[in-house]
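Visitor: Hello! Could you show me a structure and walk me through it with some questions and answers?

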Amino acid sequence: MTALDSINDLTPLAMSQFQTQLAARSDALHIEAVDFAYANGHTVFSNLNLRARQGEFVAILGPSGCGKTTLLNLLSGFQKPQAGRLLVDGQPTRPELPALGYVFQSPQLFPWLSALENVRFGLRVAGDKNTVQQYEHAMHYLRLVGLENAAQRLPRQLSGGMQQRVALARTLALEPQVLLMDEPFAALDAISRNSMNEETLRLWAALGQTVLFITHDIDEAVFLADRVVVLNIAPGGIHSELAIDLPRPRTNRETRRLPAFLDYRNELMERIGDVMAQSSSLLEPTFG
Amino acid sequence: MHLPKANWGWASLPFLLLVWVALASRFPSYVLPQPWVVAAEALRWIEDGSLWKQFRASVLEELAGFFSAVVVAVVLGGLAGLWRHFRDFISPLNSLFMAIPPIAWAPLILIIFGFGFFSITLVIFIAAVFPMAVTIQEGVLGIREGEVRAARTLGANRWQLLGLVYLPASLPFLTAALRIGFSQGWRALVAAEMIGASQGIGWMVSMGGQIGNSSQVLLGIVLIGLLAWLMESLVFRRIERHYQSWRAA
């Protein structure tokens, strides 16, 4: 607290510089006092603050309409906030930032490229490896997601789960420090989703990025994250946070049966219920 | 073993010939000649080398008009697809020019530029460029925003987006545009040659009509259809099928 007090004594400029340095050192992801409203005046966030430590797995949980998509658009720099800052690895965010990886809700593979060529795409545009190295590197990541045998197939020849694995490999191949994942397994059936969750943790343990994982699935959030951030329905921002202190490595067979897992789950269900109750009380006057 | 499904497409051409023969038997040969009379006419034209001359004249005009239209349509359609303000500006012009049959321009063009290669080529250009530009524009608009976003987060810059995403993603629409442009151009060419040319297949048809040579008219019609059909099935359909395969699922 004393450190914070002394920060307040600094000039605004010096303060922001200081905070930038601080963020660069300690936070992989830093959302600071972000305001965002659409052109029609619909406010999504006001004074949103969120940080993620280097290597932290943060799940963002919220019902639909809570501004998850907007949050991701802001974090990836596809949309600009009216106020505040978004730093990824200490730098102002933009879509092309190499420190930032983005796994989309649907795979968004390039349908004219094979699985291997899809994974190579980022390496190819970066151009800092020769072609042979690019292929070796891409193959390595395709192997990591267990698809070395599907390297030559086109996206349409792969199942939905396999396509999302290719998309994951494509993003991971660029070795971003921060990974944004937008409900990447929402379209999969429950069995595939659980196995992809395990897979995600395995890759995360091996590669150690900071992950911001957006989901509306409470079990998924508890299973994956170090910390779950519950969003309010817009406008609102963050409702609350919950640290998930479950042992790692986590597996579907064991973790999901732990009493603590169920406790976290119930707690989050409670909070989501609270969010929904608040939003319906907000809506009532319009109907009345 | 699966037998291939019966395709009755093979029967359509023989059927047409039968109808032709049946109809022609009701008329004197100088009004509606039989197919073999037209074939004999074709042989005469081939032997004295004048068929090749007409054919070459038409194809050269078609290719010149078509290729210049492709270049302009790619630029117009591409810009309109990528840039909303330009699309807003160009859309009314596109609709206007597409509503006017291209052959309506022919008399004016002939007055300004006179008879000859350039005028015919210009009519073909006008006929082909607008439908192609619209098709390309729709294609570029149809490129999924998600693919573009994915490419950007993978680090692609403006030019890499253009070459590695927009171009390959628009190839299926580009090939469809080529097919449409070629056939529109070909129709316009025949009509334009009938109005103002001294050679070409269209001229051959209209000349045949004026001198009362039905065989010559029918020979021209067969040639017009044959070339369009060959280009369609041997060139454009194949390219299109190739590029559409990965869009299928």
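What follows is a conversation about this predicted model.

Visitor: What are the ipTM and pTM of the model?
Guide: Happy to start there, and please keep in mind that we are looking at a prediction. The two scores are ipTM 0.82 and pTM 0.74.

Visitor: In chain B, which element has the lowest mean pLDDT?
Guide: Chain B as a whole averages a pLDDT of 89, and 96% of its residues score at least 70. Among its elements, helix α3 (residues 50-82) of chain B has the highest mean, 93. At the other end, with a mean of 87, is helix α10 (residues 214-244) of chain B.

Visitor: How many helices and strands are there in chain A?
Guide: Chain A has 288 residues, and 41% of them count as buried. Its contacts between residues at least 6 apart in sequence include many long-range ones: 68% join residues at least 24 apart. As for its elements, the count is 10 helices and 10 strands.

Visitor: How far apart do the C-alpha centres of domain 1 and domain 2 of chain A lie?
Guide: Let's first place the two domains. Domain 1 of chain A is made of residues 56-80, 91-99 and 179-288, while domain 2 of chain A covers 109-175. The distance between their C-alpha centres is 26 Å.

Visitor: Which helix gives the largest share of the side of domain 1 of chain A that touches domain 2 of chain A?
Guide: In this contact, 10 residues of domain 1 of chain A meet 7 residues of domain 2 of chain A. By class, the domain 1 side has 9 nonpolar residues, 1 polar residue and no charged ones. The largest share of that side, 4 residues, comes from helix α7 (residues 190-207) of chain A.

Visitor: In the open sheet of chain A, which strands stand at the edges?
Guide: This sheet has 4 strands in the order β2-β1-β4-β5 (chain A), with antiparallel pairing. Inside that order, strand β1 (residues 27-37) of chain A is joined to strand β4 (residues 83-88) of chain A by 5 bridges, and A:I31 stands opposite A:L86 in β4(A). An edge strand has a single partner, so one of its sides is left without a neighbour in the sheet; here those strands are β2 (43-53) and β5 (91-92) of chain A.

Visitor: Which residue of β10(A) is the bridge partner of A:V228?
Guide: Strand β9 (residues 227-231) of chain A is mostly covered, with 4 of its 5 residues buried. With strand β3 (residues 57-61) of chain A, β9(A) runs parallel over 4 bridges, and A:L61 stands opposite A:V230. With strand β10 (residues 238-243) of chain A, β9(A) pairs in the antiparallel sense over 5 bridges. There, the partner of A:V228 is A:L242.

Visitor: Is A:E183 buried or exposed?
Guide: A:E183 sits in the loop between β7 and α7 of chain A, and its phi is near 35°, a positive value in a residue other than glycine. The cut-off for being buried is 20 or more other C-beta atoms within 10 Å. Because A:E183 has 20 such neighbours, it counts as buried.

Visitor: And how does A:E175 count?
Guide: A:E175 is in the loop between α6 (160-172) and β7 (178-182) of chain A. A:E175 also has a positive phi, about 50°, although it is not a glycine. With 14 C-beta neighbours inside 10 Å, A:E175 counts as partly exposed.

Visitor: Which residue is joined to A:R248 by a cis peptide bond?
Guide: The bond has an omega of about 0°. The partner of A:R248 is found in the loop between β10 and α9 (252-255) of chain A. That partner is A:P249.

Visitor: Which helix supplies the largest share of the side of chain B that touches chain A?
Guide: The contact takes 16 residues from chain B and 21 from chain A. The chain B side divides into 8 nonpolar, 4 polar and 4 charged residues. Both α7 (145-153) and α8 (158-196) of chain B supply at least two residues, but the largest share, 6 residues, comes from α7(B).

Visitor: Why does B:L189 count as buried?
Guide: B:L189 lies in helix α8 of chain B, and its contacts include B:S58, B:I120 and B:G202. B:L189 counts as buried because its number of C-beta neighbours inside 10 Å is 29.

Notes:
Residues numbered from 1 in each chain as written. Chains lettered and ligands numbered in written order. Predicted model: local features only at pLDDT ≥ 70, side-chain atom pairs only at ≥ 80, totals over all residues. Buried ≥ 20, exposed ≤ 12 C-beta atoms within 10 Å, placed from the backbone. Contact = placed C-beta atoms within 7 Å. pLDDT = per-residue confidence, 0-100. Domains from an automatic or database assignment. Nonpolar A, V, L, I, M, F, W, Y, C, P; charged D, E, K, R; others polar. Pairing = 2+ DSSP bridges. Lists of a residue's contacts leave out its neighbours within four places in sequence.
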